[in-house]
Amino acid sequence: MQETAPNPQSVGIIELSAGDLAPHGAVACPSARTGMPPWASHPRVYLQPDEAGRAQCPYCGTVYQI
């Protein structure tokens with residue numbers, strides 16, 4: 001049986017704390033918290049949260065909330 005990557009809409013919003021952020025204040029995606037298997041992941045990108053504390057990955061659509 002073949003595994004599939006989780007649908008970001010079914011994952012919902014991933015809540016983050018300040019400790020989950022990189023030193024420069026961004027969040028890295030893919031994150032282990034998405035449950036995305038390594039074979040289905042995309043290149044690592046660092047996302048800068050907006051004024052509301054949200055960031056959405058342009059590759060997989062995962063939404064992170066601080």
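These legends accompany close-up views of a predicted model.

**View 1. The whole chain, from its N terminus onward.**
Let's start with the overall layout: one helix and five strands make up the regular elements of this chain. Reading from the N terminus, the order is α-β-β-β-β-β, so to follow the chain, begin at the helix and then visit the strands. Of the 66 residues in the chain, 39% are buried. The accessible surface amounts to about 4300 Å², and carbon and sulfur atoms account for 52% of that surface. Contacts can also be sorted by how far apart the partners sit in sequence: among those between residues at least 6 apart, 41% join residues at least 24 apart.

**View 2. An open sheet built from E1, E5 and E4.**
Here three strands come together as an open sheet, in the order E1-E5-E4, with mixed pairing. The edges are taken by strand E1 (13-15) and strand E4 (54-56), each of which pairs on one side only. On average, neighbouring strands of this sheet are turned by 25° against each other, direction ignored.

**View 3. A closer look at E1 beside E5.**
In which sense do E1 and E5 pair? The pairing of E1 with strand E5 (residues 63-65) is parallel, and three bridges hold the count. For a handy landmark, find Glu-15, which stands opposite Gln-65 in E5.

**View 4. Met-36 in the loop between E2 and E3.**
Now move to the loop that links strand E2 (27-29) and strand E3 (45-47), where Met-36 lies. Is Met-36 buried or exposed? Its relative accessible area is 16%, and because buried means under 20%, Met-36 counts as buried. Cys-60 is a useful second residue to display in this view: Met-36 and Cys-60 are 24 residues apart in sequence, while their C-alpha atoms are 9.8 Å apart in space.

**View 5. His-42 and the residues it touches.**
His-42 is also found in the loop between E2 and E3. With a relative accessible area of 13%, His-42 falls under the 20% cut-off and is therefore buried. Which residues does His-42 touch, leaving aside those up to four places away in sequence? The list is Cys-29, Pro-30, Met-36, Cys-57, Tyr-59 and Cys-60. Two of these names will be familiar from the previous view: Met-36 and Cys-60 are both touched by His-42, and their C-alpha atoms are the pair 9.8 Å apart.

Terms used
Residues are numbered from 1 along each chain as its sequence is written. This is a predicted model: local features need pLDDT of at least 70, side-chain atom pairs count only at pLDDT 80 or more; totals for chains, interfaces and linings use all residues. Side-chain values use heavy atoms; hydrogens and water are left out. Helices (H or I, at least four residues) and strands (E, at least two) are DSSP runs, numbered from the N terminus. Buried means under 20% relative accessible area, exposed over 50%, partly exposed in between (1.4 Å probe, protein chains only). Contact means heavy atoms within 4.5 Å. Accessible areas come from the Shrake-Rupley method with a 1.4 Å probe; for residues, only the protein chains shown count as cover. Two strands pair if DSSP finds at least two bridges between them. Axes are lines fitted to C-alpha atoms, for helices over the stretch in contact, and angles run from 0 to 180 degrees between N-to-C directions.
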